[in-house]
Amino acid sequence: MENKLVYTGKTKDVFALDNGNYLLKFKDDCTGKDGVFDPGENSVGLTIEGVGDVNLRMSIYYFEKINAAGIKTHYISADLANTTMEVVPVKPFGKGLEVICRNKAVGSFLRRYSDYIEDGADLPSYVEMTFKNDAKGDPLVTKEGLVVLGVMTDKQYDDMADMTRKITKIIADDLAARGLVLYDIKFEYGYDANGDVILIDEIASGNMRVYKDGEYIDPMTLSKLFFA
């Protein structure tokens, strides 16, 4: 029986499986502008052959590490030949939420708070959350705001923040062993039928800012370094 397409995303398509799980099909489409790859852009700007494959490979590598650490993720298995990943069904928080963990002050954090902090200053795995809303510029939202708006419970927020710090440490330590420094990383979460928080989406080079010897490494170069 043919898998049923339930969602077409910018970089992945989602299919429903007969067993109740979902299948993510990784694509070679990338977000960017004017033919230049930019993970921060909100629209597909170009297609790079092999991007779907390396994003899936990195996701498998880190999901397996995180699962082994006893942290819940949606990852079940993957098929590299077809660039697909089977995942458990989860519900998103609200209309979509991005969770950022920051080890260094860069990007939008620095733009907001440059009166108070230097570029590249250390941060204590600082967690912040934004609503996925291109039109509104992905607005920041506080814990109290998320609870008041009915997006999640107090406990779900605390669980998510705790998981985020633990996962970030796993990834940062792994990158450090390769001579790379993780400045910040973006995650997405959902929740299961019991309301338990689960890490979802992908863990790929386009979701993280990584530096080597003080120099930023673009996602495509990072993927090549990672699998060299």
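Is T83 buried or exposed in this predicted model? The legends below start there and then move on to other close-ups.

**View 1. T83 sits in a loop and has an unusual sign of phi for discussion.** Let's answer the question right away: T83 is buried, because its relative accessible area is 14%, and buried means under 20%. You'll find T83 in the loop that joins β7 (75–79) to β8 (84–87). Its phi is positive, about 55 degrees, even though T83 is not a glycine. Most residues other than glycine have a negative phi.

**View 2. S125 is another non-glycine residue with a positive phi.** Here phi is near 50 degrees. S125 belongs to strand β11, which covers residues 122–131.

**View 3. N21 is tucked into a loop and meets residues from elsewhere in the chain.** Look between β2 (12–16) and β3 (22–26), and there is N21 in the loop. With a relative accessible area of 15%, N21 is buried. Leaving out residues up to four places away in sequence, N21 touches F15, A16, I76, E86, V87, V88 and P89. Take V87 from that list: N21 and V87 are 66 residues apart in sequence, yet their C-alpha atoms are 5.9 Å apart in space.

**View 4. Helices α1 and α4 pack against each other.** Two packed helices are described by the angle between their axes and the distance between the axes. For α1 (residues 51–68) and α4, the angle is about 125 degrees and the axes are 10 Å apart. That angle makes α1 oblique to α4. The crossing is right-handed. On the α1 side, Y61, Y62, K65 and I66 take part, and they meet I167, I170, I171, D174 and L175 of α4. Sorted by class, this contact has seven nonpolar residues, two charged ones and no polar ones.

**View 5. I66 is a buried residue of helix α1.** How accessible is I66? Its relative accessibility is 0%, so I66 counts as buried. Setting aside neighbours within four places in sequence, I66 is in contact with I71, T73, I167, I170, L199 and I203. I66 and I170 lie 104 residues apart along the chain, while 7.4 Å separates their C-alpha atoms.

**View 6. Helix α1 also packs with helix α5.** The axes of α1 and α5 (residues 219–226) come within 11 Å and cross at roughly 60 degrees. The two helices are therefore oblique to each other. Their crossing is left-handed. From α1 come V51, V54, M58, Y61 and Y62, and from α5 come M220, S223 and F226. Count them by class and you get seven nonpolar residues, one polar and no charged.

**View 7. The largest nonpolar core has 44 residues.** In soluble globular proteins, nonpolar side chains tend to be buried together. Which members of the largest core touch the most other members? They are M129, M160, I167, I171, L175, Y189 and M208. Helix α4 (residues 154–176) gives the most to this core, with eight residues. Apart from it lies another core of five residues, including A105, F109, L110 and I117.

**View 8. L175 reaches several residues outside its own stretch of sequence.** Not counting neighbours within four places in sequence, L175 is in contact with Y62, L180, L182, M208, V210 and F226. Two names here may ring a bell: Y62 of α1 and L175 of α4 are both listed where those helices meet.

Notes:
Residues are numbered from 1 along each chain as its sequence is written. This is a predicted model: local features need pLDDT of at least 70, side-chain atom pairs count only at pLDDT 80 or more; totals for chains, interfaces and linings use all residues. Side-chain values use heavy atoms; hydrogens and water are left out. A nonpolar core is a set of buried Ala, Val, Leu, Ile, Met, Phe, Trp, Tyr and Cys residues joined through side-chain atoms within 4.5 Å. Buried means under 20% relative accessible area, exposed over 50%, partly exposed in between (1.4 Å probe, protein chains only). Helices (H or I, at least four residues) and strands (E, at least two) are DSSP runs, numbered from the N terminus. Contact means heavy atoms within 4.5 Å. Axes are lines fitted to C-alpha atoms, for helices over the stretch in contact, and angles run from 0 to 180 degrees between N-to-C directions. Angles under 35 degrees count as roughly parallel, over 145 as roughly antiparallel, 65 to 115 as roughly perpendicular and the rest as oblique. A crossing is left-handed if the near helix is turned anticlockwise from the far one by less than a right angle, and right-handed if clockwise. Ala, Val, Leu, Ile, Met, Phe, Trp, Tyr, Cys and Pro count as nonpolar, Asp, Glu, Lys and Arg as charged, and the others, Gly among them, as polar.
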